[in-house]
Amino acid sequence: MPHSSGGGSRSGGSFSGSSSSFGSSGSSGNSVSRGPRISNEYRPGYHRYVYYHNNMPMYFYSSRDITERDTRLNKGGLIMRGAMILVGIILLVIFAGSWFHSPQKLPLNYDTEIRILDQADVLSDADEALLQNTFTEFQAETGITPALLSVMPDDWQSHYNDFSRFAYESYVNLFTDESHWLFCYSGDASSEFDDWQWEGMQGNDTDHVLTEKQTDAFNENVQKYLYARNRYTVGEAFSQGLQELMPEAMKPSFQPNSDDAFSVLAFLFVLVIGPALNIVSEFKNVRAMQGKAGAVRCPTDEGSVKEDTCAYCGGIYVHGLHLQCPHCGAPVQASPNG
């Protein structure tokens, strides 16, 4: 069925047409990184750990106990998050694909007679000739057949609550196809204050050619020319609007749908950005844990650490933590100080 392409009025300015939108998206949570938080200095709630490298103790602080699992990549988690990213990318490609607009001329297999119905007598003979030529040119370019119907305000106000409903019923009464673009104009040129208004009604097939951005630009141009009534007639306003639209009408374009912004952001965050950040965090944690597989919690979290020297290899280790030297495996000698 036809739908509004927008329009305007003397008192209210121009407005956009109606549009449809995709459904809302669902949501899904992301697992957080499983690794502990690591620091080189003490923080409240962190505990001090030690591991050994080149016969020397290496200290760090961790938000929780260190396990062997913390030092390895969680392959199952990486696969799951990778799958989420892949699904997210596929869905985003589907969305983005619907935004690429490649117009194709409509087949002229319907009633393509040009109709200019000036019931309000707002068009001169020159206007009608100009519109006939412009409408024919636009039809040849796009396959869409424009039409114009002008009426006096009294012709519709006694039967309809709003002009949009009148324009809709005018379309379905005049045409049995979805390939016309009807411009309805209401005005009384003899009135001291002609509170004119107009609205476009386009068949659904025209959506394959015209984008919302293009019809919005057309509306603004026609409204601008109708306001400048000292320089443009009603016929010239619609003709000029179509002339400025034609160079752009058949060009391929990328037209993101603003109504889909929330869905796209949700997919992007839940299925792409979130899992990707998790993967980065996983690798950072594992890298931070390299060499710490045998880390042992120190007796104290703050202050200095008492250290002993192995009598066999000269390696240094934390006092009171080991029965064997962590460097060479020799038995730890009892310290005379305990």
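Select helix 1, residues 75-99 (helices are DSSP runs of H or I with at least four residues, strands are E runs of at least two, both numbered from the N terminus); isoleucine 94 is found there. The model is predicted: local features need pLDDT of at least 70 and side-chain atom pairs count only at pLDDT 80 or more, while totals for chains, interfaces and linings use all residues. Numbering starts from 1 along each chain as its sequence is written, and side-chain values use heavy atoms, without hydrogens and water.

Isoleucine 94 is exposed, with a relative accessible area of 56% (exposed is over 50%, buried under 20%, partly exposed in between; 1.4 Å probe, protein chains only).

Next, select the sheet. It is open and has 6 strands in the order 2-1-10-9-8-7, with mixed pairing (two strands pair if DSSP finds at least two bridges between them). Strand 2 (13-16) and strand 7 (115-118) are the edge strands, each pairing on one side only.

Go on to strand 9 (residues 180-186) and strand 10 (residues 197-202): they run antiparallel and are joined by 6 bridges. Within this pair, leucine 182 stands opposite methionine 201 in strand 10.

Now add the helices that pack on the sheet. Helix 4 (residues 163-174) touches strand 7, strand 8 (145-151), strand 9 and strand 10 (contact means heavy atoms within 4.5 Å). Helix 5 (residues 212-227) touches strand 1 (3-9), strand 2, strand 9 and strand 10.

Key:
Axes are lines fitted to C-alpha atoms, for helices over the stretch in contact, and angles run from 0 to 180 degrees between N-to-C directions.
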